Every structure is written in structure tokens, then in C-alpha cells.
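Me: I'd like to take a close look at one part of the protein below. Please walk me through it as you would at the bench.

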Amino acid sequence: MAIYVNPISAESAEAYANRINEGFKDDESEQYKPSTVGDFSGFRKVTTSENPSFKCKDNLLLDFVSADGSNVVMSVTVEQFYDTDTTDMEVAMKAILGNMKVEVK
């Protein structure tokens, strides 16, 4: 399993999700959709593959308000290899979100 947390240059998670979704108008499986993980609401896309070295990727876009009041968009991604059971991915995503603190310096 691999976990990535990255800032996204966008005004909001919804604006970024809409921009990505524009490129996938004909393929709903590639679009971000509103989603809730634990106490966090954002936009989520889950991707699966038949490639044996890559099975599942869960990507969640979230808005955070920093200490100075500015909006920060974060991308939290969990990738799982060689396993199609996504239970551990959900646990990992909740653990990351429950312990995440965003500071702008």
C-alpha cells in the first residue's frame, strides 16, 4: 500500500473535481463524485485495474481552511497493490484524515 498527501493548486476541491470531470464527460467511471469519508466531505474517485501490479487507487479531494483563513485543497491518495479487498484502504484513509493538520507557511 502507498499513501500520498499533496496540496492542489485550485480555488476549491469542487472546482478542481469539475475541471477534471470536464475531460471525462463520456466516462463516468473516471469522474470525481461527492463523497464522505469519516467526518470529511469532498470529491472522490476510485480506480481499479486488471494489471497485476496495480489493483486499486482511492483519491479524495478536500478543502481545508488554514490558520490564516485561506482555503487549501488537499489530495489524499491511497494505492493498494496485489489485493482487491479495499477494507484496508478505507481504514488507512480514515486514519490519515483523522490525524491531518494543514498549516500554510
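Which residues form a nonpolar patch on the surface, and about how much accessible area do they have together?

Reply: Happy to help. This is a predicted model, in which local features need a pLDDT of at least 70 and side-chain atom pairs count only at pLDDT 80 or more, while totals for chains, interfaces and linings use all residues. Residues are numbered from 1 along each chain as its sequence is written, and side-chain values use heavy atoms, with hydrogens and water left out.

The patch you ask about is made of M1, I3 and V5, which together have about 260 Å² of accessible area. A patch here takes residues with over 30% relative accessible area and no salt bridge, joining like charges within 9 Å and nonpolar side chains (Val, Leu, Ile, Met, Phe, Trp, Tyr) within 5 Å. The areas come from the Shrake-Rupley method with a 1.4 Å probe, and for residues only the protein chains shown count as cover. I3 belongs to strand β1, residues 2-8; helices (H or I, at least four residues) and strands (E, at least two) are DSSP runs numbered from the N terminus. With a relative accessible area of 43%, I3 is partly exposed, on a scale where buried means under 20%, exposed over 50% and partly exposed in between (1.4 Å probe, protein chains only).

From the patch, we can follow the contacts inward to V78. This residue of strand β5 is buried, at a relative accessible area of 0%. Beyond its neighbours within four places in sequence, V78 is in contact (heavy atoms within 4.5 Å) with residues including M1 and I3 of the patch, as well as A2, C56, M89 and I96. V78 and A2 are 76 residues apart along the chain, yet their C-alpha atoms are separated by 5.8 Å.

Strand β5 also meets helix α1. The buried residues of α1 are A13, A17 and N21. Seen down the axis of α1, they fall within an arc of 65°, so they line one face of the helix; the arc is that of the directions from the helix axis to the C-beta atoms. These buried residues pack against β3 (40-48), β4 (56-65) and β5 (71-80).

Strand β3 then leads us to the charged pairs. The structure holds 4 salt bridges, each being a side-chain nitrogen of Lys or Arg within 4 Å of a carboxyl oxygen of Asp or Glu. One of them joins E30 to K45, with the closest N and O atoms 3.7 Å apart. This pair links distant parts of the chain, since E30 sits in the loop between α1 and β2 (33-37) and K45 in strand β3, 15 residues apart. E30 is partly exposed at 23% relative accessible area, whereas K45 is buried at 15%.

Another salt bridge brings together the side chains of E90 and R44, 2.9 Å from N to O. Here E90 of helix α2 and R44 of strand β3 are 46 residues apart. Salt bridges that share partners join R44, D58 and E90 into one network. D58 is also among the contacts of V78, the buried residue we met above.

How far to trust this? Mean pLDDT (the predictor's confidence in each residue, from 0 to 100) is 87 for the protein, and 94% of its residues reach 70 or more. Where pLDDT is low, the predicted coordinates should not be read in detail.
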